[in-house]
Amino acid sequence: MDMLENLESLQFASEIPEEDRFWLYLQGRSRGLMIEACAHATFFCKVFYNLRELLQKNQNSSSPSTKSGDVDMDDNRNLKVGIIGGGRLGKQLARTLLQLVPIPAASLRISTRRPEVLGEQCKLGVQCFYHNSGLVGWANVIFLCCLPSQLPHICIQIQTSLEKACIVFSFVAAIPIPRLKLLLNHTNILRPQYHCVEDFEKIWGANKEITAALQDPVILRATCPYSPDGGIILNIKWLEGLIYAALNMCTESNVDCRQALQLLNQLFLSVHFKDCMKHEESCPEFQLPHVISKSYVKNLLHRRPFPWFDLTAVQLRETPFSQYHSTNTVLQDHLTYLYYDSFGIAPKKEEEPVDLLDSPSQ
C-alpha cells in the first residue's frame, strides 16, 4: 500500500512550478517504456522456455535416452538468462523474470561493474559478478541493459565468447541494429523499437511496482505488441524477429523444416477463439511459403533444417512472413490471444481462448 497516494502535497509533482509541469509527461513515458520492456522480455522468455521443452520432447520421442542422461536433459531444458547491466532496468528486469516467467534463480545471472549493489538479487540466489565474457559463454539469452557509452567496450569483451545460437536482446535504444551487428559480429540479435506518441494515456500505474503493474489487465493489454494504448507503440518487426529466432533454435537442434513448422504452430498458434472449435479450417497455420521465399521452397529438401536466419535483416527488411502477417488479421488476433494467455489474462472480447491441444474433440 502506498501511504502517500492521496496526499497531493507530498507527491513529487507538488514541488514543480506550474509552468514546468508540462515535462511531467516524460516521467510517465519513462515508466511506460520500462513496463513495456519488462513485459516483452517476459513474453520472450516464456515463449523460448516453452520451445526448449517442445524440442526436448521431440528429441526424446525420436531417440529415447537412458535414465543416466536425465540430469543433462533437465539442464538443457532450462533457459539460461544473462543480464549485462545492474542499473535500474537491469534490476527491474531481473525481478520481473524471476517472478513472472518464472525463471529459477539458478538460471539467471547478472554481470555488472558494481555487483555489490545487487543485494536483493543475491539474496534470491542470483549470481551477480563482473565478468561479461564469462556470462555470455554460459547463457542462452543475453539482455543488454547498459548505457550506450558502455556498449562498444562491452561488445569487445563478449564478441569472441558469443555462440552462434545465443540470442542477444538489446534494450540499448541509442544503438541501431546495423551498428549492433557490426559491434558484436553476430546476427542472432533482437532489439525492440518503441515509438512514443505525444498524447499518451496515463495508465502506467505510477505508484505500482513493475511486477504488480504487469499483473494489471489494463496495463498488460497496453503492452500487447498490437496495442497503441498507453501511447507507446512497439515496432511489430520485433515479433517477426521472435518467429525467426524460434526457427533458428529449431535449426540449432537439427530439427527438419516440416517438424520445425509443427513446433512453430504448437508454440504460437495453440490458443484459439471458441469459434475455432467450429471452424478449425479458418485458423491460421504456418506453412513453408510464410517464412521462406517461394523460390527457396522449391529447392528446400524437406528432411533438412531451415537455413540460419539473420535476425538483424529480418527486423530491417520485408520478409515472406511480413507479407503473410501484415494482411492476416486472424493471425494477429491469435497472436494477441497468445500474448494475453501467457500472462493469464482474458481478452477484451467475450469469447475467451480455448487450447485446442487439450480439447476432448482433438
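Start by selecting Ile84 and Leu144: Ile84 stands opposite Leu144 in E4. Keep in mind as you click around that this is a predicted model. That pair is a good doorway into the sheet, so let's widen the view from there.

**The E1–E4 seam**

Select residues 81–84 for strand E1 and bring in E4 beside it; the two pair in the parallel sense, with four bridges between them. One more rung to pick out is Gly82, whose bridge partner in E4 is Ile142.

Now look at which way the side chains of E1 go. Val81 and Ile83 point one way, Gly82 and Ile84 the other, and all of them are buried. Move over to E4, residues 141–144, and ask: are its faces covered or not? Both are covered, with Val141 and Phe143 buried on one side and Ile142 and Leu144 buried on the other.

**Across to E2**

Go back to E1 and select residues 108–111, strand E2. E1 and E2 run parallel and are joined by four bridges. Which residue of E2 is the bridge partner of Ile84? Click Ser111 and you have it. For another rung, take Val81, which stands opposite Leu108 in E2.

**The whole sheet**

Time to zoom out. Color the strands and read off the order E3-E2-E1-E4-E5-E6: six strands in an open sheet, with parallel pairing. Strand E3 (127–129) and strand E6 (189–190) are at the edges with a single partner strand each, so each has one side without a neighbour in the sheet.

Next, show H3, residues 88–100. H3 packs on the sheet, where it touches E1, E2 and E4, and its direction makes about 165° with that of E1. Follow the chain from E1 through H3 into E2 and you trace a right-handed β-α-β unit.

**A stop in the H3–E2 loop**

Before leaving this area, select Val101 and Pro102. The peptide bond from Val101 to Pro102 is cis, with omega near -15°. Pro102 sits in the loop between H3 and E2. It's worth a click, because most peptide bonds are trans.

**On to E5 and H6**

Now head to the other side of E4 and select residues 167–170, strand E5. E4 and E5 pair in the parallel sense over four bridges. Where does Val141 find its bridge partner in E5? At Ile167. To get from E4 to E5 the chain goes through H6, and this β-α-β crossover is right-handed.

**H6 against H7**

Leave H6 (residues 151–158) on screen and add H7 (residues 177–184). Their axes are 8 Å apart and the helices pack at an angle of about 40°. That makes H6 oblique to H7. For the contact itself, show side chains: Leu151, Pro152, Cys155 and Ile158 from H6 meet Leu180, Leu183 and Leu184 from H7. What classes of residue make up the contact of H6 with H7? Seven nonpolar residues, with no polar and no charged ones.

**Two asparagines to check**

Step along from H7 and select Asn185, in the loop between H7 and E6. Asn185 has a positive phi of about 50°, although it isn't a glycine. Is Asn185 buried or exposed? Exposed: its relative accessibility is 65%.

Then jump to Asn254, in the loop between helix H10 (237–252) and helix H11 (257–268). Asn254 also isn't a glycine, yet its phi is positive, at about 60°. With a relative accessible area of 59%, Asn254 is exposed. These two get a stop because most residues other than glycine have a negative phi.

**Pull all the way back**

Finish with the full protein chain in view: 15 helices and 10 strands. Of its 362 residues, 49% count as buried. For the contacts in the chain with a separation of 6 or more, residues 24 or more positions apart account for 73%.

Note on methods. Residues numbered from 1 in each chain as written. Predicted model: local features only at pLDDT ≥ 70, side-chain atom pairs only at ≥ 80, totals over all residues. Heavy atoms only, no water. Axes fitted to C-alpha atoms, helices over the stretch in contact; angles between N-to-C directions. Parallel < 35°, antiparallel > 145°, perpendicular 65-115°, else oblique. Contact = heavy atoms within 4.5 Å. Nonpolar A, V, L, I, M, F, W, Y, C, P; charged D, E, K, R; others polar. Buried < 20%, exposed > 50% of the residue type's maximum accessible area, 1.4 Å probe, protein only. Pairing = 2+ DSSP bridges. Right-handed = clockwise from strand over helix to strand, strands pointing away.
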